[in-house]
Amino acid sequence: MADLFISRSGSATGTIYTVPTANQNSQPPVPPTTALVKSIRLSNQSGGAIVTTVTVLDSSNSNLEIELFKESLADGVESEVLTQPIVLEQADAIKLTGAVKILVSLMEIN
């Protein structure tokens, strides 16, 4: 088992991070991966309030989207989305709606 600490950031609506899907036939092979998400940090430096939504796509449950955060962030506001770590499985994803800055800190375990 290997642990890899990574962070992903973005500032536009869309998918911020997707857990890799196993593919033993690729070069190099992609092993089965689980992600332990420690932190999802938001920052609004746009000059105005922005309605922001952070969701997790659960690919093992008919691509169900689970809303983790939905608020209007005022200019200059920073917010931590998580109070506890969350576990993501292969092909699960973290998505952002709203043009704020986001930083996701996680550990991939494979």
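**Talking through an all-strand chain**

Colleague: What share of the residues in the chain is buried?
Modeller: Keep in mind that this is a predicted model. The chain has 110 residues. Counting as buried those under 20% relative accessible area, the buried share is 35%.

Colleague: Okay, and how many helices and strands does the chain have?
Modeller: Reading from the N terminus, the elements run β-β-β-β-β-β-β-β-β. That puts the tally for the chain at zero helices and nine strands.

Colleague: In which order do the four strands of the open sheet line up?
Modeller: The edges are β2 (14–18) and β5 (64–73), each of them pairing on one side only. Neighbouring strands in this sheet are turned by 20 degrees against each other on average, ignoring direction. The pairing is antiparallel, and the order is β2-β8-β4-β5.

Colleague: Let's zoom in on one edge. Which residue of β8 stands opposite T18?
Modeller: β2 covers residues 14–18, and β8 covers residues 93–97. The two pair in the antiparallel sense over four bridges. Across from T18, in β8, stands A93.

Colleague: Now P31. Is P31 buried, partly exposed or exposed?
Modeller: P31 sits in the loop between β2 and β3 (34–43). Buried would need under 20% and exposed over 50%. P31 has 31% relative accessibility, so the label is partly exposed.

Colleague: Which residues is P31 in contact with, leaving aside neighbours within four places in sequence?
Modeller: Contact here takes heavy atoms within 4.5 Å. With those neighbours set aside, the loop residue P31 touches A22, Q24 and N110.

Colleague: And how far apart in space are P31 and S43?
Modeller: In sequence, P31 and S43 are 12 residues apart. For scale, the C-alpha atoms of the chain fill a box of roughly 50 × 30 × 25 Å along the principal axes. C-alpha to C-alpha, the P31 to S43 separation is 33 Å.

Colleague: Back to the whole chain. What percentage of its contacts between residues at least 6 apart joins residues at least 24 apart?
Modeller: The pool is contacts between residues at least 6 apart in sequence. Within that pool, the share joining residues at least 24 apart is 76%.

Colleague: Last one, on the charges: how far apart do the centres of the positive and negative sets lie?
Modeller: As a backdrop, the accessible surface is about 6200 Å², with 52% of it belonging to carbon and sulfur atoms. The chain carries 6 positive and 11 negative side chains. The centres of those two sets are separated by 6 Å.

Terms used
Residues numbered from 1 in each chain as written. Predicted model: local features only at pLDDT ≥ 70, side-chain atom pairs only at ≥ 80, totals over all residues. Heavy atoms only, no water. Buried < 20%, exposed > 50% of the residue type's maximum accessible area, 1.4 Å probe, protein only. Areas by Shrake-Rupley, 256 points an atom, 1.4 Å probe, with all protein chains shown as cover. Lys, Arg positive; Asp, Glu negative; His and termini not counted. Charge placed at Lys NZ, Arg CZ, Asp CG, Glu CD. Pairing = 2+ DSSP bridges. Axes fitted to C-alpha atoms, helices over the stretch in contact; angles between N-to-C directions.
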